[in-house]
Amino acid sequence: MKKTAATKAKKCTTKPTASNQYDWFTEARFGMFIHWGLYAIPANNEWIRNHKEISNEDYQKYFDNFNPDMLDAKEWARMAKEAGMKYFVITTKHHEGFCLWDSKHTDYKATNTPAKRDLLKEIVDAFRAEGIKIGFYYSLLDWHHPEFPIDPIHPLRNHPDALEMNKTRDVRKYAKYMRNQVTELLTNYGKIDIMWFDFSYPKDMYRGMPGKGRNDWESEKIVALVKKLSPETIINNRLDLPEYKSIVTPEQFQPEFPPRNADGTIAVWEGCQTFSGSWGYARDEETWKSEKQCIEMLIKHVARGGNLIMNVGPTARGYFDYRAVERLNDFARWMKYHSRSIYGCTMAPEEFVEPNGARYTWNPKTKRLYVHITDWPLARLHLSGLAGKISIAQFLHDGSEINFIENAKKAWNNEDLPEGTITLLLPIKHPNVAIPVVELVLK
Ligand code: GLC
């Protein structure tokens, strides 16, 4: 074929290398996010530098006193594994600019704190030993770096000399710094399965200072670098490159419909969620979600074809807060019996319509439909479009059979049921699991 300008241009766009590149990711469905940095000490959200407009000088005390003496990375990894999480993504550097690893390109790193060691290495080794895939979150923002221009969300945005100070800050140098660091991250820590870049805000403007996006980060170069160093690594969608298909990452809400790529196709997506509303450890945060809410979230993400990455913000001493441990244990308890309705599952084919109070997931390989019953009904649950199609229905947690009637003429409330409906005959008593699941084996 003769190369036209258009086909040439197409070739230049950075696409995921293989169509099955995401297979492990969509099979896994459940991961752990870890937000850990100096902000664990003020313990009041990882954006504290922005919220309180803290200068580098005033933030220095957290660096000088960062000493996670109770860090037990193996324990973190064990908890993630028990909760059923198949991959994890850790903040190698968050917006505050502090690096958990021994980067050659900065002094602002864990090795120079009282921790005195490469914490990232320790953590990666522990998770890898548990067979958990490795993801690196890398903040595009950096509120500590001297070349990072002050912008609408920078801690110094209200400094009277902000514009003047920007005259000596060169975002090109900062972009180069990022590429140097990404190179370190992708060469010194073994295979990295995910690079999670965060985030872009090109349309913001404040006091004559613009936000930042692809031109500032030099996003194409970052993607090309990742592709060169580690072609199989998958990337998320916050580099301000809408034309590049990557993991779509809705945050702190559950999409009602599967998110789409810029070209209209259904995206590979991952909802990132917190136990408590804050990503970094926030001691006084009281909005912790309940066991049921957390497990429902996991189910709903998979029921809409997505992954869930659940965040933990470890404390300054290096352990997981007791409230996070409780929720992780809740996941562990539920996943022990129900992981079959999560791993390798996705949204159900359109012909199967979820009834009120339940969510479906579907395993396309085994052709099993999973009914997650979030509102326990009084004995009967009507499922449309399934008559004649089911060979057996069983509770997933104990394998016990659930009897059902096909095409019952009248529902219990005497309303006509549509043709093709099956009626599950459930026990009155809610089973002793947070959210019961009925597995329907299709003929
Ligand atoms: C955001 C926040 C941040 C958090 C992230 C996780 O964009 O800036 O603090 O790390 O989302 O999705």
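**Exercise 1. The cavity**

Determine how many cavities of 30 Å³ or more the structure holds, and describe what lines the largest.

*Solution.* The structure holds one cavity of 30 Å³ or more, where a cavity is a set of points, on a 1 Å grid over the protein atoms alone, at which a 1.4 Å probe fits but cannot get out. This is a predicted model, in which local features need pLDDT of at least 70 and side-chain atom pairs count only at pLDDT 80 or more, while totals for chains, interfaces and linings use all residues. Residues are numbered from 1 along each chain as its sequence is written, and side-chain values use heavy atoms, with hydrogens and water left out.

The largest cavity contains about 100 Å³ of space, a volume being the space filled by probe spheres set on the grid points. Its lining, made up of residues with an atom within 4 Å of a point, has 13 residues, and Ser276, Ser278, Gly280, Trp288 and Gly313 lie nearest the centre. By class, the lining divides into seven nonpolar, five polar and one charged, with Gly counted as polar.

**Exercise 2. Helix H12**

Compare the expected span of helix H12 with the distance between its end C-alpha atoms, and state which residues of H12 are buried.

*Solution.* Helix H12, a DSSP run of H or I with at least four residues, covers residues 322-338. At 1.5 Å times one less than the number of residues, its 17 residues should span 24 Å, and the end C-alpha atoms are 24 Å apart, which agrees. The buried residues, those under 20% relative accessible area with a 1.4 Å probe and protein chains only, include Arg323, Phe331, Trp334 and His338. Among the elements that cover the buried residues of H12 are helix H5 (73-82), helix H11 (291-303) and strand S16 (437-442).

Arg323 counts as buried because its relative accessibility is 12%. Leaving out residues up to four places away in sequence, Arg323 touches Tyr281, Ala282, Arg283, Glu285 and Trp288, contact meaning heavy atoms within 4.5 Å.

**Exercise 3. Two buried side chains**

Identify the backbone oxygen that lies 2.9 Å from a polar side-chain atom of His338, and the one that lies 2.8 Å from a polar side-chain atom of Thr361.

*Solution.* For His338, which is buried at 0% relative accessibility, the oxygen belongs to Trp334. Beyond four places in sequence, His338 is in contact with Leu396, His397, Val433, Ile435 and Val437.

Thr361 lies in strand S10 (residues 358-363) and is buried, with a relative accessible area of 0%. Here the oxygen is that of Ser341, and Ser341 is also listed among the contacts of Thr361, including Ile299, Cys345 and Tyr370, once neighbours within four places are set aside.

Methods:
Helix = DSSP H or I, 4+ residues; strand = E, 2+ residues; numbered from the N terminus. Buried < 20%, exposed > 50% of the residue type's maximum accessible area, 1.4 Å probe, protein only. Polar contact = N/O pair within 3.5 Å; in protein donor to acceptor, adjacent residues only side chain to side chain. 1 Å grid on protein atoms, 1.4 Å probe; cavity = no way out; pocket = protein on both sides within 12 Å on 5 of 7 lines; lining within 4 Å.
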